[in-house]
Amino acid sequence: MCGIVCYVGEKQARPILVGGLKQLEYRGYDSAGIAVLEGGSINCQRSVGKIVELEKKINALEMNGTMGIAHTRWATHGEPTEHNAHPHTDQTRKVFVVHNGIIENYSSLKKKLQKGGYRFYSETDTEVLAQLIGIAFEGDLTEAVRKTISKVEGTFGMAVIHQDVPGEIVVARRGSPLVIGLSDDGHFAASDVSAMVRYTNQVIHLQDNELATLRKDDFVISTARAEPIQRTIETVEWRAEDAELDGFPHFMLKEIYEQPETVRNAMRGRLEPGEGVPKLGGIIPVWEELRRCRHLVIVACGTSYYAGCVGRYAFEKLTDIDVEVEVASEFRYRKLNFPPNTFILALSQSGETADTLAAIREAKRKGARLLGIVNVVGSSISRETEAGIYNHAGPEIGVASTKIFTSQLTILILLALLLGRHQNLSLTEGVEAIRALQLLPEQIQKVLSQANHIEAVAEKYHACQNWLFLGRKFSCPVAMEGALKLKEVSYIHAEGYAAGEMKHGPIALITPEMPTVAIMPKDDMYEKMVSNIQEIKSRKGPVIAITTEGNKELGDIADEIIETPATLDFLNPILAVIPCQLLAYYCANLLNRDIDKPRNLAKSVTVE
Ligand code: F6R
């Protein structure tokens, strides 16, 4: 979704802002813009398309100045055109605003302003903000922003500059993330730390209904009611190199290859092999209630939702807890009635997904307790949940989530194991599980070593326009995730199905042009999966089987076999999803797709 980056300090702002925008490209956008205070006036430039288009435009200009704001826009109100791109300005052309989020009452505000003679040049809601700030300005920019936010409904992360207030940027947030970055030679603000991690790792996460006034040497954070606030400065773990390609052609491939490390990081310091019990410091604040929990609801979207679906099977296997998994965007419309001591567990890479946030807020209102598994430290979900566990997986830049899925699975299993060991799970079972978990990084490496074989399979089938992914039990959500990965990066139509549902409909689709990826480890579902793929084979559908290493039984029915090392059934999804990720990647590559930034998709979905 849209990205914001701003800087005020000693250095030239333009390269910092353009570099920051490039780090935010992964969020998805369709136009970009920049405004720099140059001498006594603000030079604002915008363009449609990629940031290189904006660069071409501004390279011909001087644009000298040590303070500015910049934006990548993902169209919501109005098409992706230059006049809709941010920054937007007011009637006086002195105020410039970049904004993420949606101003819900913009239409009525705009009509009122138009009646008062104000002219608008875009179809955006943001231009209303610029006009209102311009009207409210009486010499104090922070006050003008404060007055404006009291009039608007909806969500915003915004940054504002005014020609008559040199050396000052005002930022404000409600519902859209904004992080302030501190350094010796200036201050930053961005919608995402990756935009400034090259310059600083000292950050403050602005919270809802807060404003910050940034200057070269100081900053002030205040509430919407003008009360000053003190915030502790956090140190982010992410390094500038994490946001580099490091020799890989795409972030998606780099992140697929990072999985031995990210799964290891998800377990680092969290295993007690002798006791067969994980240690999860993040849930200590709620431990006494959590250990008595008998009802858990996992809420998430997209890939995180499929991780939750695997989590349900793991909890059912390892604990006595009833688990529901719900797509966050639907959950909040249910008639919720929680038994006492119900915990809601939100899964989210970004920690900013609007639907997941709305779901946990609704659950809290109904008395549920809140937990989170989140990758982005300090993100909204991490702050709004009572306790939780971080992925520590570094930034995920590719729009298609890969390393976070396996990291989420690892953490879900650690949590299930911890709770199970305080219920009926024996020491032997706990020790066996931890031993198997410890083997995972090496086993993932082994799956990755088959990349050439998987690429050859992709070469053979990438022209097929429809694919089916099938699995049962633990492998069923892997099938759904495999299909999601393929469709989002290659634009090939794919369906993920519970294999048992085949004969209730989808089998009608089977033709020699429709490959089926069957996730069929040698577990208690294996024989049933064999029957399913036989039904496909007898209708001449090609079968790509992902099965356990050493399984020699599929030669006659599967056209292609991809092997994953043997592990415990509840850990198998962590291995089986990797061939699916690679298949999606290689198909997309062969089809020349924009792999890290697939069309119409955004990394962090901060609107409902
Ligand atoms: C798919 C993908 C999305 C996200 C979903 C939730 O590859 O990345 O489906 O999983 O938008 O995002 P988070 O996990 O940030 O809440």
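## Salt bridges

In this predicted model, the structure holds 34 salt bridges. One of them is formed by Lys-94 and Asp-164, whose closest N and O atoms are 3.0 Å apart. This pair links distant parts of the chain, since Lys-94 lies in the loop between β5 (88-89) and β6 (95-100), while Asp-164 belongs to the loop between β7 (156-162) and β8 (169-174), 70 residues apart. Side chains of opposite charge can pair when their charged atoms come close.

## Ligand site and its shell

The ligand sits in the largest pocket, and there are 13 residues around the ligand, of which Ser-304, Ser-348, Ser-350, Thr-353 and Glu-488 come nearest. Sorted by class, this shell has 8 polar residues, together with 3 nonpolar and 2 charged ones.

In terms of secondary structure, α9 (302-318) and α16 (475-490) each supply at least two residues of the shell around the ligand. The largest share comes from α9, with 3 residues of the shell.

## Polar contacts and coverage of the ligand

Oxygen atoms of the ligand take part in contacts with both side-chain and backbone atoms of the protein. On the side-chain part, a polar atom of Ser-348 lies 2.6 Å from an oxygen atom of the ligand, and Ser-348 is also among the residues that come nearest to the ligand. On the backbone part, a polar atom of Ser-401 is 2.8 Å from an oxygen atom of the ligand, whereas for Val-399 the distance from a polar backbone atom to an oxygen atom of the ligand is 3.3 Å.

Taken on its own, the ligand has 410 Å² of accessible area, and the protein covers 89% of that area.

## Backbone geometry in two loops

Two backbone details concern loops that border on β4 (67-73). In the loop between α2 (51-59) and β4, Met-63 has a positive phi of about 50°, although Met-63 is not a glycine.

In the loop between β4 and β5, where Pro-87 has its place, a cis peptide bond joins His-86 and Pro-87, with omega at about -5°. The strand β5 thus named also borders the loop that holds Lys-94, the residue that pairs with Asp-164.

Notes: Residues are numbered from 1 along each chain as its sequence is written. This is a predicted model: local features need pLDDT of at least 70, side-chain atom pairs count only at pLDDT 80 or more; totals for chains, interfaces and linings use all residues. Side-chain values use heavy atoms; hydrogens and water are left out. A residue is near a molecule or strand if one of its heavy atoms lies within 4 Å of it. A polar contact is a pair of N or O atoms within 3.5 Å; within protein, one must be able to donate a hydrogen and the other to accept it, and residues adjacent in sequence count only if both atoms are side-chain atoms. Accessible areas come from the Shrake-Rupley method with a 1.4 Å probe; for residues, only the protein chains shown count as cover. On a 1 Å grid over the protein atoms alone, a cavity is a set of points where a 1.4 Å probe fits but cannot get out, and a pocket is an open set with protein on both sides within 12 Å along at least five of seven lines; lining residues have an atom within 4 Å of a point. A molecule sits in a cavity or pocket if more than half of its atoms lie within 2 Å of its grid points. Helices (H or I, at least four residues) and strands (E, at least two) are DSSP runs, numbered from the N terminus. Ala, Val, Leu, Ile, Met, Phe, Trp, Tyr, Cys and Pro count as nonpolar, Asp, Glu, Lys and Arg as charged, and the others, Gly among them, as polar. A salt bridge is a side-chain nitrogen of Lys or Arg within 4 Å of a carboxyl oxygen of Asp or Glu.
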